[in-house]
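Biologist: I'm new to reading structures, and I'd like a close look at just one part of this one. Could you pick a helix and walk me through what surrounds it?

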Amino acid sequence: MQVSREEILHIANLAMLNIKEGEIDTYLLNLQDILNFANIVNNAPVEELGITIGANEAKNIFRKDEIKNFSDTELLLLNAPAKEQNMFKIPKVI
């Protein structure tokens, strides 16, 4: 498909672009390249390809939640910026 200068000016008008006379040829070449690539993609052989939802089949693997008792709470709370009643003290969140 070939694009004419009039079509470029019409598209520029619809998109409210202020194209200078010297830029029309550049826009014409760029739009022609885009349309040629779209034509290549449209004609790609996809008849024998299966349906794909994503690029890969990776799935989240979740570990089972298990409660683990930690016997040395003093050692655990050494890293706490603030503690209160043997627990981590955090800012109030509303």
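Modeller: Let's take helix H2, which runs over residues 24-42, and keep in mind that this is a predicted model. H2 has 19 residues and reaches 27 Å from its first C-alpha to its last. That is close to the 27 Å expected at 1.5 Å a residue.

Now, which residues of H2 are buried? They are Ile24, Leu28 and Gln32. These three cover an arc of only 70 degrees around the axis, so they sit on the same side of H2. Turn to the face pointing away from that buried side and you'll meet exposed residues: Leu29, Asp33, Ile34, Phe37 and Ile40.

So what covers the buried residues? Helix H1, residues 5-14, is part of the cover. Two of the buried H2 residues, Ile24 and Leu28, also turn up in the largest nonpolar core, together with Val3, Ile8, Ala12 and Ile19. That core has 6 residues, and H1 and H2 each supply at least two of them. Val3 is worth a stop here. If you leave aside its neighbours within four places in sequence, Val3 is in contact with Ile8, Leu28, Leu31, Gln32 and Leu35.

How do the two helices lie relative to each other? Their axes come within 10 Å and cross at roughly 95 degrees. Angles of 65 to 115 degrees count as roughly perpendicular, and H1 and H2 are therefore roughly perpendicular to each other. On the H1 side, the contact is made by Arg5, Ile8, Leu9 and Ile11. On the H2 side, the residues making it are Ile24, Asp25, Tyr27, Leu28 and Leu31. You've now met Ile8, Ile24 and Leu28 as members of the core and as part of this helix-to-helix contact.

Asp25 is another one to click on. It is found in helix H2 and, as we just saw, belongs to the contact with H1. Is Asp25 buried, exposed or partly exposed? Its relative accessibility is 43%, so Asp25 counts as partly exposed; the partly exposed range lies between the 20% and 50% cut-offs. If you look along the chain to Ala55, 30 residues apart from Asp25, the C-alpha atoms of the two are separated by 38 Å.

Last, have a look at the link into our helix. Met16 lies in the loop between H1 and H2. Its phi is near 55 degrees, which is a positive value in a residue other than glycine. Met16 is exposed, with a relative accessible area of 74%. For another example, jump to Asn86, in the loop between strand E1 (83-84) and strand E2 (87-88). Asn86 isn't a glycine, but it has a positive phi of about 65 degrees. With a relative accessible area of 48%, Asn86 is partly exposed.

Technical notes: Residues are numbered from 1 along each chain as its sequence is written. This is a predicted model: local features need pLDDT of at least 70, side-chain atom pairs count only at pLDDT 80 or more; totals for chains, interfaces and linings use all residues. Side-chain values use heavy atoms; hydrogens and water are left out. Helices (H or I, at least four residues) and strands (E, at least two) are DSSP runs, numbered from the N terminus. The expected span of a helix is 1.5 Å times one less than its number of residues. Buried means under 20% relative accessible area, exposed over 50%, partly exposed in between (1.4 Å probe, protein chains only). The arc is that of the directions from the helix axis to the C-beta atoms. Contact means heavy atoms within 4.5 Å. A nonpolar core is a set of buried Ala, Val, Leu, Ile, Met, Phe, Trp, Tyr and Cys residues joined through side-chain atoms within 4.5 Å. Axes are lines fitted to C-alpha atoms, for helices over the stretch in contact, and angles run from 0 to 180 degrees between N-to-C directions. Angles under 35 degrees count as roughly parallel, over 145 as roughly antiparallel, 65 to 115 as roughly perpendicular and the rest as oblique.
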